[in-house]
Amino acid sequence: MDAELIKDCVHCGFCLPTCPTYVLWGEEMDSPRGRIHLMDQHVQGTPLTPEMAGHFDACLGCMACVTACPSGVRYDRLIELTRAEVEREHVRQPQERAIRGIVFALFPYPRRLRLLKLPIRLGSRMKTFLTRVHPSLGAMAELTPPPARRVRLPRRVAARGPHRATVGLLTGCVQGEFFPGVNTATARVLAMEGCDVVIPKDQGCCGALSLHSGYDGRKFAKRVIAAFERAGVDTVVVNAAGCGAAMKEYAELLADEPEWAARAAAFKVRDLAEFLVELGPVAKRHPLELTVAYHDACHLAHAQGVRAQPRELLRGIPGLSIREVAESSICCGSAGTYNLFQPEPARELGDRKAARVRDTGADLLVSANPGCTLQITAAMRRAGEQPIPVAHTAQVLDASLLGRRVVA
Amino acid sequence: MIATLAQRLKAVLPDQAVITDPVRLRTYECDGLTYHRATPGVVVLPESAEEIAAVVRLCQEFQVPFVARGSGTGLSGGALPRSDGVLIVTSRMRRILDIDLPNRRAVVEPGVTNLAITEAVRDAGYYYAPDPSSQQICSIGGNVAENSGGAHCLKYGFTVNHVLALELVTPDGDIVELTELDDGYDLLGAFIGSEGTLGIATKITVRLSRAPETVTTLLAAFATIEGGGTAVSSIIGAGIVPAAIEMMDALAIEAAEAAVRCEYPAGAGAVLIVELDGPTAEVARQFAAVERICREAGSFEIRVAASAEERAAIWRGRKSAFAAVGRISPAYIVQDGVVPRTALPEVLAGIDRLQEEFGIRVANVFHAGDGNLHPLVLFDDAEPGQGERAETVSGRILDLCIEHGGSITGEHGVGVDKSRYMPRMFTDDDLATMQLVRCAFDPGYLSNPGKIFPTPRLCGEVPRVRKGPHPHEAELF
């Protein structure tokens, strides 16, 4: 733990209204200011009690507080260090350990995830039974979408028209397995905007899931860096907010290993929307007569500061109008593995978000993170209504560039 | 005794609304002023007036002090807990109960944030006028306790001018209502700003104001703070009452720049933010006058917000200034004093002298229109002696304010932090009279004791039937 980072907090409370758990429970110790106070107590010598660990576990890591903080407190760094401390010092209940074991042995490995898609899907019929065994298993069953047809992406997609850049594409774990259509749309959009797209086969998981939960993600990071170095690309483009946020922090993660620190520093990562706006549009946009609501994924809006770019891209599509979702800065409750480990608050936040999305009256929800998409769709299903279709920014752009309907 | 009380509290509140775990309790040890800390004996999170009344009655039964807290953003330690008492936190009472646009009023629970009221009625063309810089998080209950102001109180007044009625729990545990229509003493006026010493507000009826037809915001940069000061006096002297006139000095600008990249004009020794609102024709006329006055006073750059976003950008620097100072200094004290507008230049020069004498930096942010200063006294708590010197400078600034006919607080309240300065401003008779009012509400001296007054007056001195031992007697045994 870093006592210096803790001292940056002046206890002003500006973070409170942006914190999802404070919004839910109104308790100081479940606010960023309260959690920093708990960290301080621990640094000052108070042992890490189960109560303390509970409040850290309850943090979604959405980073809305980082956006709100006028004093520049690095809460992102603080909670990451704290989670690692919790994993070292706090002994979890056997059941909880087992669930965590399953998730971390499964999600960061696309091949295992693929093998298990069917059993999880079957499990959705046994949701009530699984919830009784453990709420996390129930949540897993509830979140899983219907199986998508597997798509094999080529190793390389050549630019259409004059060549403007060579980029790598991160395919991701959950994104690749549950939303393969997003990756194909991303590759097409990039190619139509004049990019050679390289998709290394051996890229693996970016490590976000582990990193954001206090586990060591360095081996994942190194593998990703090496894979894209071999691919010889200028920039790695990422279409999953959580992955992009983690990858932008590789240099900090590997700072203690000189050789890797240098390689990580040279590793250029951009979110898809960020990259496309920097590049500037050349491909023709066909009209889409649609009213969409844009959902700010926390790891895009708060962790990466990418808010204007996706909206700008959507506004560039003729005929399309955008509606804002009320309370857009409050997390939907997905937050990486949060909806698996903390199913109850996650469900409350999901219901809250689904209601706000519904209030917009939009035909389509645009979300740039697979976790959010799963979470909001599950919440709408739970409310017993026909979920409004959810598409990634890439899929909407892809439809406009091709002159087709959006396939969500 | 606290343990027994906690058990009894669990009988009147849900289990999870009573906090007794020591680690959790400590997160409530201070409010926005971290200089004073005390771990509360027990924390309760009630959800209704009835629950608060039940808690207060138990406190009376056990003769244990209680302190109310909203969002914990106060800057005078008004919500500093008692380790031998109960901290009553209203953060779960955040429902807007009624919005009555035809009568321009809303009824809200005390934990509702100041900004939430405006957000609920903005689309209909209304807003809630008082706007403390912490408006996105400070609670309306806390605003009532502190009679909070904000940048726009120059034209629109403080919380007391915008609260029409209150439901409150008295220190005896009764639920009563006070309204502006009540006959007799202005009890509503007495309660607002009483810093939690007369009871706890549980339902607040606020006035909703019509959003002005036009709002114009101007940012004028001056080479020196004197130039800005001259402009302020001339604007008010010309008979113009802007919605707000705010000034920041070079150090405050530097902090805001580091925090929110507000991009105020480079090289400015001071910036003035002037906001005019009202009917379009009136604003246009006043705006021309303000612009001319600023230029005549030596402003080298004037920016006018052309959109709501640009206005927000100008205000962002000002509203984040307090916390932003955390970027340029490891620790700081936020001071709050008032001086007559005409004395501004002299007082600022006095603050400059104090900086030199003690080797302590002071950043100045203030509501220049009504002479409400917020000097931020910067120090490094890792350096021995600096904290004490900063304390001295901070106190001397208040002396300056009093010498020039001002006051020790404009809007942050007295709390625990400034109670010791009260005798500098008031005579013994003044203070005794104030305490008599307090005793009438809280004869047992249990409602937020230790705040406002430097030494408690013993209510037993007022002729009345006394319950329990005389306080002196209690000390003997």
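**Close-ups of chain B**

**View 1. A facing pair at the sheet edge.** B:Ile99 sits across from B:Ala106 of β6(B). This is a predicted model, and here we're looking at β5(B) and strand β6 (residues 105-108) of chain B, which run antiparallel and are joined by 4 bridges.

**View 2. The whole open sheet.** Pull back and you get 5 strands of chain B in the order β5-β6-β10-β8-β9, an open sheet with antiparallel pairing. β5 (96-100) and β9 (175-179) of chain B are the edge strands, each pairing on one side only. From one strand to the next, the twist averages 15°.

**View 3. Helices lying across the strands.** Helix α4 (residues 114-121) of chain B lies across β5, β6 and β10 of chain B, at about 45° to β5(B). Helix α3 (residues 49-62) of chain B lies across β8 (163-169), β9 and β10 (200-207) of chain B, and its angle to β8(B) is about 50°.

**View 4. A strand covered on both faces.** In a regular strand, side chains alternate between the two faces of the sheet. Strand β16 (residues 331-334) of chain B has B:Ala331 and B:Ile333 on one side and B:Tyr332 and B:Val334 on the other, all of them buried. β16(B) also pairs antiparallel with strand β19 (residues 372-379) of chain B over 4 bridges, and B:Val334 stands opposite B:Leu376 in β19(B).

**View 5. Where chain B meets chain A.** Here 30 residues of chain B are in contact with 24 residues of chain A. On the chain B side, α2 (22-26), α9 (250-260) and α12 (321-324) each chip in at least two residues. That side's residues split into 11 nonpolar, 13 polar and 6 charged.

Note on methods. Residues numbered from 1 in each chain as written. Chains lettered and ligands numbered in written order. Predicted model: local features only at pLDDT ≥ 70, side-chain atom pairs only at ≥ 80, totals over all residues. Contact = placed C-beta atoms within 7 Å. Nonpolar A, V, L, I, M, F, W, Y, C, P; charged D, E, K, R; others polar. Buried ≥ 20, exposed ≤ 12 C-beta atoms within 10 Å, placed from the backbone. Pairing = 2+ DSSP bridges. Axes fitted to C-alpha atoms, helices over the stretch in contact; angles between N-to-C directions.
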